[in-house]
Amino acid sequence: MSKRVMLLVNPNAGKGGYKTVLADVLKVLCAGGCVPTVFFTQSRGEAPALVERHAPEYDMVVCLGGDGTLSEVAAGMLRLGEQKRVIGYIPLGTSNDVAKTLGLSSKPVEAAKNILAGRPVSYDIGQFGDAAYFTYVAAFGAFTEVSYGTPQESKQVLGQMAYMLEGIRHLPKITACHAAVEYDGGVVEDDFVFGAVTNSTSVAGLVRLDAGEVNLSDGKFEVLLVRNPQAISDLNDIITSILLSDFSGPNVLFLKSREVHFTFREPVAWTRDGEDGGQHRDVVIVNRRSAVEIIV
């Protein structure tokens, strides 16, 4: 029996590369017994409403785009309540952190073939505040503006190098913010230059976590907090900790928690899956365990 597939395409992802791969992806899906209908997103933030409106009409939802596209599709799935939550993901972005974590092929045609032959695995989703979601990271502080502040034109021309160049440009602007962080089993209060709540082994292709420390469906986040360096030796320790994924030192805290509550003295800018997450003084982040399934 033919399987009806909602194929949601972000035309801005991956240097606009959908133009060279879409026909081949459709060919693979059709040859595998699928009847795909293509939906193009016209603007950022449109995908959740498209998924909520149309997903019940299909047997499967597949997205062709970057991690931001996947994040929006997952948000749309959660709006469906307990209905279908299986997602096929064909990576076409700049960092593709979720794809790297799941071991998905970076070649769209191979990724499409794997969707046909693969199996769904459970994946935790983060709920940010009352009604926002993320698939792999919510972050504040140093370099968080880079992911959504990098011009789309630069991403398309330079790819990952665009993030690096934008990060260098933001170095003089890095400031610490005072935060109280409540997590399962404790509270920490200090001045931090960076904080991230993650469910991934890769964040922006720059921060790596040991795969042995990350369980994508255990109902817990990995939380990284970087204290404000007081001396050059502290800065060296922070850089070494991040490069080696060794968080045993005093300047980088590594925690696991089902829920995290941040309280700041002033509004702080956040990103969710590389997109602008708004400014917040008080935010609660909750793990929605195994909220979706992604085919691997």
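## Helix H5

In H5, the buried residues are Pro 108, Ala 111, Ala 112 and Ile 115. Viewed down the helix axis, these buried residues fall within an arc of 100°, so they line one face of H5. That buried set packs against H1, E3, E4 and E15. The model is a predicted one.

## The chain overall

The protein chain has 296 residues, and 51% of them count as buried. Its secondary structure comes to nine helices and 15 strands. The chain exposes about 13,400 Å². Carbon and sulfur atoms supply 52% of that area.

How much of the contact set links residues 24 or more positions apart? Among contacts with a separation of 6 or more, such pairs account for 72%.

## Helix H1

Helix H1 covers residues 18–31, which is 14 residues. From its first C-alpha to its last it reaches 19 Å. That is close to the 20 Å expected at 1.5 Å a residue.

Which residues of H1 are buried? They are Tyr 18, Val 21, Leu 22, Val 25, Val 28 and Leu 29. These residues cover an arc of only 135° around the axis, which puts them on the same side of H1. The face turned away from that buried side carries exposed residues: Lys 19, Thr 20, Ala 23, Lys 27 and Ala 31.

The buried residues of H1 have several packing partners. Four are strands: E1 (3–9), E2 (34–40), E3 (60–65) and E4 (86–91). The other partner is helix H5 (108–117). The H5 side gives the matching view, with H1 listed among the elements that its buried residues pack against. After H1 comes Gly 33, with a positive phi near 90°.

## Nonpolar cores

In soluble globular proteins, nonpolar side chains tend to be buried together. In this model, the largest nonpolar core has 45 residues. Met 6, Tyr 123 and Val 292 have the most contacts inside it. Helix H3 (residues 67–78) gives this core its largest share, six residues. A second, separate core has 23 residues, including Ala 179, Phe 264, Val 268 and Val 283.

What does Met 6 touch, leaving aside its neighbours within four places in sequence? One group of its contacts is Thr 37, Phe 39, Leu 50, Val 51 and His 54. Met 6 is also in contact with Ala 55, Tyr 58, Met 60, Val 61 and Val 62.

## Phe 40 in strand E2

Phe 40 is found in strand E2. Is this residue buried, exposed or partly exposed? Phe 40 is partly exposed, because its relative accessible area is 32% and the partly exposed class runs between the 20% and 50% cut-offs.

Phe 40 and Leu 8 are 32 residues apart in sequence. In space, they are 6.0 Å apart, C-alpha to C-alpha. Not counting residues up to four places away in sequence, Phe 40 touches Val 9, Pro 11, Tyr 18, Leu 22, Glu 46 and Leu 50. Tyr 18 and Leu 22 are among the buried residues of H1.

## Strand E15: Gln 279 and Ser 290

Strand E15 spans residues 275–295. Gln 279 is found in this strand. At 58% relative accessibility, Gln 279 counts as exposed. Gln 279 and Pro 267 are 12 residues apart in sequence, and 5.4 Å apart in space from C-alpha to C-alpha. Not counting residues up to four places away in sequence, Gln 279 touches Pro 267, Val 268 and Ala 269. Val 268 belongs to the second core.

Ser 290 lies in E15 too. Its phi is positive, about 50°, although Ser 290 is not a glycine. Ser 290 is partly exposed, with a relative accessible area of 31%.

## Cysteines

How many disulfides does the model have? The count comes to zero. Take Cys 34: the closest cysteine sulfur is in Cys 30, at 7.7 Å. That is too far for a bond, because a disulfide needs the two sulfur atoms within 2.5 Å.

Cys 34 is buried, with a relative accessible area of 6%. Cys 63 also counts as buried, at 0% relative accessibility.

Technical notes: Residues are numbered from 1 along each chain as its sequence is written. This is a predicted model: local features need pLDDT of at least 70, side-chain atom pairs count only at pLDDT 80 or more; totals for chains, interfaces and linings use all residues. Side-chain values use heavy atoms; hydrogens and water are left out. Helices (H or I, at least four residues) and strands (E, at least two) are DSSP runs, numbered from the N terminus. Buried means under 20% relative accessible area, exposed over 50%, partly exposed in between (1.4 Å probe, protein chains only). A nonpolar core is a set of buried Ala, Val, Leu, Ile, Met, Phe, Trp, Tyr and Cys residues joined through side-chain atoms within 4.5 Å. Contact means heavy atoms within 4.5 Å. The expected span of a helix is 1.5 Å times one less than its number of residues. The arc is that of the directions from the helix axis to the C-beta atoms. Accessible areas come from the Shrake-Rupley method with a 1.4 Å probe; for residues, only the protein chains shown count as cover.
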